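User: I would like to go through the reasoning behind a few labels given to this model, with the cut-offs set out where a conclusion depends on them.

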Number of protein chains: 2
Amino acid sequence: MNTADLGLPVSVPSTALFTDQYEFTMLQAALKAGTADRRSVFEVFTRRLPEGRRYGVVAGTGRVLDAVENFRFDGDLLGFLRDRGIVDEATLQWLADYRFSGDIHGYPEGEVYFPGSPVMRVEGSFAECVLLETVILSVLNHDCAIAAAASRMAAAAGDRRLIEMGARRTHELAAVAAARAAYVGGFHSTSDLAAGFRYGIPTVGTSAHAFTLLHDTERDAFRAQVDSLGRGTTLLVDTYDVTAAVAAAVEIAGTGLGAVRIDSGDLLMVAHRVRRQLDELGARDTKIVVTSDLDEYAIASLAAAPVDAYGVGTQLVTGSGHPTCSMVYKLVARAASADPGAPLVPVAKKSAGGKLSVGGRKWAARRRDEHGVAEAEVLGTGPVPEPLVGRQLLAELVKGGEVVARESLDTARERHVAARGALPVSAAQLSRGEPVIPTEYLG
Amino acid sequence: MNTADLGLPVSVPSTALFTDQYEFTMLQAALKAGTADRRSVFEVFTRRLPEGRRYGVVAGTGRVLDAVENFRFDGDLLGFLRDRGIVDEATLQWLADYRFSGDIHGYPEGEVYFPGSPVMRVEGSFAECVLLETVILSVLNHDCAIAAAASRMAAAAGDRRLIEMGARRTHELAAVAAARAAYVGGFHSTSDLAAGFRYGIPTVGTSAHAFTLLHDTERDAFRAQVDSLGRGTTLLVDTYDVTAAVAAAVEIAGTGLGAVRIDSGDLLMVAHRVRRQLDELGARDTKIVVTSDLDEYAIASLAAAPVDAYGVGTQLVTGSGHPTCSMVYKLVARAASADPGAPLVPVAKKSAGGKLSVGGRKWAARRRDEHGVAEAEVLGTGPVPEPLVGRQLLAELVKGGEVVARESLDTARERHVAARGALPVSAAQLSRGEPVIPTEYLG
């Protein structure tokens, strides 16, 4: 892994249109009203975790930074906005020079979060901040959802390896981001080559049932695969009869066969039977990889089975029942006037019927008990209490429009292990429950 | 709408790495074994609809055609595959010249489908076809899931307008595809500017709560919005007190106010109250738009409410509980040898434990009763029975590697209305049920 942009089979010259139209119309109206320059503070947070989940996982921070850097307008984009009559000429002129020049703080990638946690805070003029709402939420709502599922699966898998193989179950570019988020959440590799290309994530894969069916016999297929990919390859043994396939696999590849993959049937029972057979054949180091609609519960149920690695597809890329988070991007404070020195005023929606927000620019810290175990997510708008000063969670990501906190995915991945490890042990329970620590608001 | 590529804020010079690694390793092994050239038939189908769903909707066909055309390798991609040691030099040389040269047939976009329906059939050499598996499934599994949700929402909404506003709830590029699929499924517009830019879908949007909170009073905000966007705009009336906001809105914009939007609370009750108030104020033509975690059930429950348009976000882009389909891409027949004249042999996985497939290259037709209502999805590998010849579903999409069936999104959208309209009326029931027509296999 490294932090360099390795390129991508897709280039994103601009992220400026990954935006809801109303951001632009609000901009136009605010420019005309003279309120567009009011200093503003937006916070990204969620009012609740997905039902039953005990913690959330921050992922996508690096992608947000990419999106902010590439949020700019060329002639084509401006021409589209003009031709469609989406905004007026004054607004188009303003957009032509757009560069985000404000500040962004956020929970660092891999950190955990709870209801109310200000996982990101964007500050600048109303105009420059409001435009970023949609794309920031797209990235965080997607990537955090995948990372949370990955983290639960990683907790269930313990020391065993986890392979992300969900590319075919989600949009082709969402798949690349999903592989990235899964890696942050604890997966070890991906089947998705674009994710390897773009983010340097280790890639794996050997063969599918089609390869066996292409050949006249399963033995022909195994021989072809071993001839080309070597004995260390993984042979797929459930196209016809598993027992016969395992025997043929060891006969053809020898006891140095890398692994066998089982993709159907009662994985618990079949894995035990295959392990016994492999051992009897002397293939004691041949590993067993299981795939087939796994989720964190299936992974946990296989804890006692002789399985070496899990391949997870659908349930990973769909967030294991929760394919999106409910992150929102809310104006929490803004200046009383366009005067650069005007004081910030906390603001919040107040209508009946829910969706309440807590106004004001917030700090966040995680209080720990004497054993170092997290005991509360503490948020406030006033001064930070002395014992929490060193426990603050918001890090500087963008300063005056410049990205100041690039880091490698491995850093985020290691941070996640540490952050999850500092939660109460019940965080790892897969059963439904409340957030594992409460959120406390100080004034 | 038009069929021209309007450009996209993202360019996709190649789709070749949106691919699971095993497609490449299978290619390498087959090239070495001399089996890569065997003529092969792959079919895309699903073994089951999502639980309780009565029909599926084909969407993404146009995106599949884009992906196939752009599946090619430049030096950067080949360099990546070489540097990572994913395939050998012989395979790299083969890939350097890759262009899909086979044939693709498929259910036309907007058509409905059922368990077993061969929604797409890809034919050519094993090598050229196997590589396309992942990206074709990514597109169809995502887009069909969104279109199915959209179709149910459209059925529930009747003549009322549906606005797609889910961009912030899913990956930023999945969002563009979701807006496209929603349009095919019956939505009228989207908030996502990239979807307008790329696919010409009508875009809408005016303002959010942040705009109201930016201003010193709600009246200031309304005045600013009307000044800039005109009386025809949509004012968001639930930031503080809805009744006071509606009064202010009509006072400021006049009775020609375009619409008010309600984004929280008991929408049924609030919509009735707001309608009464608007009428009393003389704003009889002012429309009511509702948003706030809507799904097809919420839309149906508002059928008796005075609502003119629904904005749907999360539940649309997450497929209303089913964010992916379970489409698979299976080898169903292949030549007995690499000889170009060798006969096709049906093939299918046979292992115990489910995941059975029906081998053989299939035709598909929808049988209708004397009233023109669909009564069965009929699939077969033999000759097509005479009465079904004119009811066949597979259309030619790619011939000898050339795309031959580009069409506009509006064509797909109209096709969907017709296809859904020809199903038994129970197709429109939102309650859980079996597929609305059975799938019959003829020999």
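Analyst: The model is a predicted one. A residue is called buried when its relative accessible area is under 20%.

User: Why is B:C144 counted as buried?

Analyst: The relative accessibility of B:C144 is 1%, and the limit for buried is under 20%, so B:C144 counts as buried. A:C144, likewise at 1% relative accessibility, counts as buried for that reason.

User: How many disulfides are there over all chains, and what is the nearest cysteine sulfur to A:C144?

Analyst: A disulfide requires a pair of cysteine sulfur atoms within 2.5 Å, and by this rule the count over all chains is zero. For A:C144 the nearest cysteine sulfur belongs to A:C325 and is 5.1 Å away, and A:C144 is in no disulfide. In chain B, the nearest cysteine sulfur to B:C144 is that of B:C325, at 5.1 Å, and B:C144 is in no disulfide either.

User: What turn and what shift lay chain A on chain B, and why is the relation called a two-fold axis?

Analyst: Chain A is laid on chain B by a turn of 180° with a shift of 0.0 Å along the axis, at an RMSD of 0.0 Å. That is therefore the relation of a two-fold axis. The same surface serves both copies, in that 100% of the contact residues of chain A recur in chain B.

User: Which residues of chain A does the N-terminal domain annotation cover?

Analyst: The unreviewed UniProt entry annotates residues 17-141 of chain A as "Nicotinate phosphoribosyltransferase N-terminal". Over residues 17-141 the chain is 42% helix and 18% strand, with the end C-alpha atoms 18 Å apart.

Methods
Residues are numbered from 1 along each chain as its sequence is written. Chains are lettered from A and ligands numbered from 1 in the order in which they are written. This is a predicted model: local features need pLDDT of at least 70, side-chain atom pairs count only at pLDDT 80 or more; totals for chains, interfaces and linings use all residues. Side-chain values use heavy atoms; hydrogens and water are left out. UniProt positions are given in the numbering used here, feature names are shortened, and annotations may be inferred rather than shown by experiment. Helices (H or I, at least four residues) and strands (E, at least two) are DSSP runs, numbered from the N terminus. Copies are superposed by least squares on the C-alpha atoms of residues with pLDDT of at least 70 in both. Contact means heavy atoms within 4.5 Å. Buried means under 20% relative accessible area, exposed over 50%, partly exposed in between (1.4 Å probe, protein chains only).
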